[in-house]
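Here is a friendly walk through one protein chain, with the sequence and the 3D view to hand. Please keep both open as you read.

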Amino acid sequence: MGKTVRDLTLDDEHMTIGSDDTVQEAAKRLLTVPGGILVVLNDENRVQGVLGQRQLVKALADGVDATADRCHEHMEMDLMTVRLDDDLKTVLADVQERSPQAVVAVDDNDEFVGYFSPGDYQEAVQLVKNLKDLKL
């Protein structure tokens with residue numbers, strides 16, 4: 001029996017933010033998630049992009065008005081979407097082949113359920129390896 005995305009802890013290392021929230025609000029939230037990322041959602045709880053430290057620093061270096069500019073203007077959109085029932089071995093192969101900026105998990109309604117962090121990637125690699133070692 002193979003492991004799926006559902007077997008990972010996807011509710012850590014990120015916080016969500018609305019696409020129309022300000023860059024200032026994004027910076028405040030990102031400060032509370034060390035090493036994490038902000039997942040930018042629309043009003044239907046669907047992923048629009050992600051904002052990390054790099055995107056915020058670049059926006060500020062470009063001289064944006066942090067109180068007026070909106071998250072959707074500065075987010076990274078190179079995303080890979082996975083579903084909770086996707087096989088981890090397949091997801092790992094897809095991530096390795098594609099190398100997206102971020103991997104997000106959605107439910108059957110395409111609503112955001114979690115962020116597949118670099119730590120989750122390592123956890124998935126270990127789970128798949130353990131299954132292989134057990135010949136499962």
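A residue is called buried when its relative accessible area is under 20%, exposed when it is over 50%, and partly exposed in between. With a relative accessible area of 26%, D21 is therefore partly exposed. Please keep in mind throughout that this is a predicted model.

## The nonpolar core

Let us begin on the inside. In soluble globular proteins, nonpolar side chains tend to be buried together. Here the largest nonpolar core has 15 residues. Those with the most contacts inside this core are V5, L8, L10, V82, L88, V91 and F116. Two or more residues each come from β4 (79-83), α3 (88-98), β5 (102-106) and α4 (118-133). Helix α3 supplies four residues, the largest share of the core.

L10 is a good residue to click on. Leaving aside neighbours within four places in sequence, L10 is in contact with V5, L84, A105, G114, Y115, F116 and D120.

Another useful one is V128, which sits in helix α4. Not counting residues up to four places away in sequence, V128 touches L88, K89 and L92. As for a residue far from V128, E44 is 84 residues apart from V128 in sequence, and the two C-alpha atoms are 33 Å apart in space.

## The three-stranded sheet

Strands of a sheet pair through backbone hydrogen bonds, either parallel or antiparallel. In this model, three strands form an open sheet in the order β4-β5-β6, and the pairing is mixed. β4 and β6 (112-116) are the edge strands, each pairing on one side only. From one strand to the next, the twist averages 30°.

β4 and β5 run parallel and are joined by five bridges. For a specific pair to look for, M80 has V103 in β5 as its bridge partner. Helix α3 lies across β4, β5 and β6, and runs at about 175° to β4.

## Helix α1 and its buried face

Now turn to helix α1, which covers residues 23-30. Which of its residues are buried? They are V23, A26 and L30. Seen down the axis of α1, the buried residues fall within an arc of 55°, so they line one face of the helix. These buried residues pack against β1 (14-18), and also against β2 (37-41), β3 (47-51) and α2 (53-61).

## Salt bridges

How many salt bridges does a search of the whole structure find? There are six. One of them joins R6 and D85, with the closest N and O atoms 2.8 Å apart. This pair links distant parts of the chain: R6 is in the segment before β1, D85 is in the loop between β4 and α3, and they are 79 residues apart. R6 counts as partly exposed because its relative accessibility is 47%, while D85, at 53%, counts as exposed.

R98 and D78 form a salt bridge too, and here the closest N and O atoms are 2.9 Å apart. Distant parts of the chain are again linked, with R98 in helix α3, D78 in the loop between α2 and β4, and their positions 20 residues apart. R98 is partly exposed at 40% relative accessibility, and D78 is partly exposed at 26%. Back at D21, its side chain meets that of R29 in a salt bridge at 3.9 Å, N to O. R29 has 24% relative accessibility, so this residue counts as partly exposed. D21, E25 and R29 are linked in a network of salt bridges.

## Two positive phi angles

Finally, a look at the backbone. E13 is not a glycine, yet its phi is positive, near 60°. E13 is found in the segment before β1. Its relative accessibility is 33%, so E13 counts as partly exposed.

S99 is not a glycine either, and has a positive phi of about 50°. Where does S99 lie? S99 is in the loop between α3 and β5.

Notes:
Residues are numbered from 1 along each chain as its sequence is written. This is a predicted model: local features need pLDDT of at least 70, side-chain atom pairs count only at pLDDT 80 or more; totals for chains, interfaces and linings use all residues. Side-chain values use heavy atoms; hydrogens and water are left out. A nonpolar core is a set of buried Ala, Val, Leu, Ile, Met, Phe, Trp, Tyr and Cys residues joined through side-chain atoms within 4.5 Å. Buried means under 20% relative accessible area, exposed over 50%, partly exposed in between (1.4 Å probe, protein chains only). Contact means heavy atoms within 4.5 Å. Two strands pair if DSSP finds at least two bridges between them. Axes are lines fitted to C-alpha atoms, for helices over the stretch in contact, and angles run from 0 to 180 degrees between N-to-C directions. The arc is that of the directions from the helix axis to the C-beta atoms. A salt bridge is a side-chain nitrogen of Lys or Arg within 4 Å of a carboxyl oxygen of Asp or Glu.
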